[in-house]
Amino acid sequence: MSNTPSSVAGLSEPRADSSSPIAQPAPPLWLLAELTYRCPLHCAFCYNPLDYARHDRELDTAQWRRVLTEARALGAAQLGFSGGEPLLRDDLEELVAHARGLGFYTNLITSGVGLTDARLAALREAGLDHIQLSFQDSTREMNDFLSSTRTFALKQRVATLIKAHGYPMVLNCVLHRYNLPHVGAIIEMALEMGAEYLELANTQYYGWAWENRLALMPTETQLREAEAVVAAYREKIGKRCRILFVVPDYYETRPKKCMNGWGSVFLGVAPDGAALPCHAARGLPGLTLPNVAEQSLSDIWYHSDAFQRFRGTAWMPEPCRSCDERENDLGGCRCQAFLLTGDPARTDPVCDKSPDHARVREVVMHGASAALAGHATASEYPLVFRADAASRAFASGDAKAR
Ligand code: SF4
Ligand code: FES
């Protein structure tokens, strides 16, 4: 699984006024079905929760079919199949066909492991619209190191197969200080593969990426240089390949409008049926996540405390409450506020109006000075790879988050 997107790209703005109190919020537009936490890769920047091993129950096929039906009835139009690695579910083709029958636009977000010629044909037949394939780097060494697997050659083969089956080539690569200096080579690789679209997503620090933040955080110079390389390529290649460069908001002075607003357009469902207002909501304290096995999606979306908690602006503390920019960013990211301050209801510290803004600067400076001191591969900040054993250790308290 890749890192998390910084926003809900490609979706239109919420249709209801996002100011609070919200009498009747607009329905969700985007359903993310995290079919499983199982994954053959061990990426150090994965957004899945550190203690995912605690939640090893998975919804069965009938339950997922019901979730898709209910989400479509609510109004959701885009559907992402994600994980973990969604191809580890044998019923993926059935779920895609069901979604297609309901009228969803479907997207498979995959590492490519398990995407054989036969499965691609079956997914095509089932009506899958779109595939996003992740790479970790342009070189076999770094790709395989960052995912702690030998998957580079396999991903190359899968990329060829995706093309052969008539899909547009959509590549994703999560960036951090290990691979930011390779951005040019990553773009060259994408061009060679005939990619129509390349998402270069700078790491967002949640889950395993948060755990590894001091090892992954780039220097500002690395970022600006990579940005310049991207700009030069955009100029050179024009429309041949669309390159999206998602800047990490730790380097900004205003936060992102995370998920386009809490409970606004995004509805995630975790493998065990927990309904998620955002990718990382599972880690927020004091938030009881409703479960789709026990409640209808409509009830969850419109009435659950978890989805109401940070909807609109009524929950905001100062300085957001009286800020004239509050409708622009809706106070930023709740998960980032929690990770940096211990309180999900505080203003996102990325904002330089936040009294906690210094904490972001601290993390950035700490990471950057580690990078400058050459600790990228040093033992001072060894990467913690996403793996079941490590997750079980976090779940049992044997391992402490850093
Ligand atoms: Fe946004 Fe709050 Fe900062 Fe204002 S104070 S810009 S609403 S995060
Ligand atoms: Fe931004 Fe949770 S990831 S609100």
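# A first look at this predicted model

C46 sits in the loop between β1 and α1. That loop is a good place to begin a tour of this predicted model, as C43 is found there too, with β1 spanning 30-34 and α1 spanning 61-74. The mean pLDDT of the chain is 90, and 92% of its residues reach 70 or more.

**The annotated cysteines**

- In its unreviewed entry, UniProt gives the annotation "binding site" to C39, C43 and C46.
- Is C46 buried or exposed? C46 is buried, because 28 other C-beta atoms lie within 10 Å of its own, and 20 or more are enough to count as buried.
- C43 is buried as well, this time with 26 other C-beta atoms within 10 Å.
- Once neighbours within four places in sequence are set aside, C43 is in contact with Q136, L146, S147 and R386.

**The annotated domain**

- The unreviewed UniProt entry also records the feature "domain: Radical SAM core", which it places at residues 25-240.
- Within residues 25-240, helix makes up 43% and strand 16%, and the end C-alpha atoms are 39 Å apart.

**A390 and its surroundings**

- A390 belongs to helix α15, which runs over residues 388-396.
- Why is A390 counted as partly exposed? It has 19 C-beta neighbours inside 10 Å, and a buried residue needs 20 or more.
- Although A390 and A53 are 337 residues apart in sequence, their C-alpha atoms are 8.9 Å apart in space.
- Beyond four places in sequence, the contacts of A390 are V384, F385 and A399.

**Around ligand 1**

- Ligand 1 is surrounded by 14 residues, and the closest are C320, C323, E325, R326 and C351.
- Sorted by class, this shell around ligand 1 holds six charged, five nonpolar and three polar residues.

**The nonpolar core**

- In soluble globular proteins, nonpolar side chains tend to be buried together.
- Here, the largest nonpolar core has 108 residues, and L31, A33, F45, L171, A209, C278 and C335 are those with the most contacts inside it.
- What does C335 touch, leaving aside neighbours within four places in sequence? C335 is in contact with Y206, C278, A280, A281, G283 and L284.

**Unusual backbone spots**

- Most residues other than glycine have a negative phi, and most peptide bonds are trans.
- The bond from G83 to G84 is cis, with omega near 10°, and G84 lies in the loop between β2 (78-82) and α2 (92-102).
- E318 and P319 are also joined by a cis peptide bond, where omega is about 10°; P319 is in the loop between α11 (305-308) and α12 (326-329).
- M259 is not a glycine, yet it has a positive phi of about 60°. It is located in the loop between β7 (242-246) and β8 (266-269), and it is buried, with 30 other C-beta atoms within 10 Å.
- N260 is found in the loop between β7 and β8. N260 is not a glycine, and it has a positive phi of about 65°. It counts as buried because it has 20 other C-beta atoms within 10 Å, and 20 or more is the cut-off.

**Where to take care**

- Where does pLDDT stay under 50? It does so over residues 5-21.
- For residues 5-21 the model has 41 contacts beyond four places in sequence, so keep the pLDDT under 50 in mind when you look at them.

Technical notes:
Residues are numbered from 1 along each chain as its sequence is written. Chains are lettered from A and ligands numbered from 1 in the order in which they are written. This is a predicted model: local features need pLDDT of at least 70, side-chain atom pairs count only at pLDDT 80 or more; totals for chains, interfaces and linings use all residues. UniProt positions are given in the numbering used here, feature names are shortened, and annotations may be inferred rather than shown by experiment. Helices (H or I, at least four residues) and strands (E, at least two) are DSSP runs, numbered from the N terminus. A residue is buried if 20 or more other C-beta atoms lie within 10 Å of its own, exposed if 12 or fewer, and partly exposed in between; C-beta atoms are placed from the backbone. Two residues are in contact if their C-beta atoms, placed from the backbone, lie within 7 Å. A residue is near a molecule or strand if its C-beta atom, placed from the backbone, lies within 6 Å of it. Ala, Val, Leu, Ile, Met, Phe, Trp, Tyr, Cys and Pro count as nonpolar, Asp, Glu, Lys and Arg as charged, and the others, Gly among them, as polar. A nonpolar core is a set of buried Ala, Val, Leu, Ile, Met, Phe, Trp, Tyr and Cys residues joined through C-beta atoms within 7 Å. pLDDT is the predictor's confidence in each residue, from 0 to 100.
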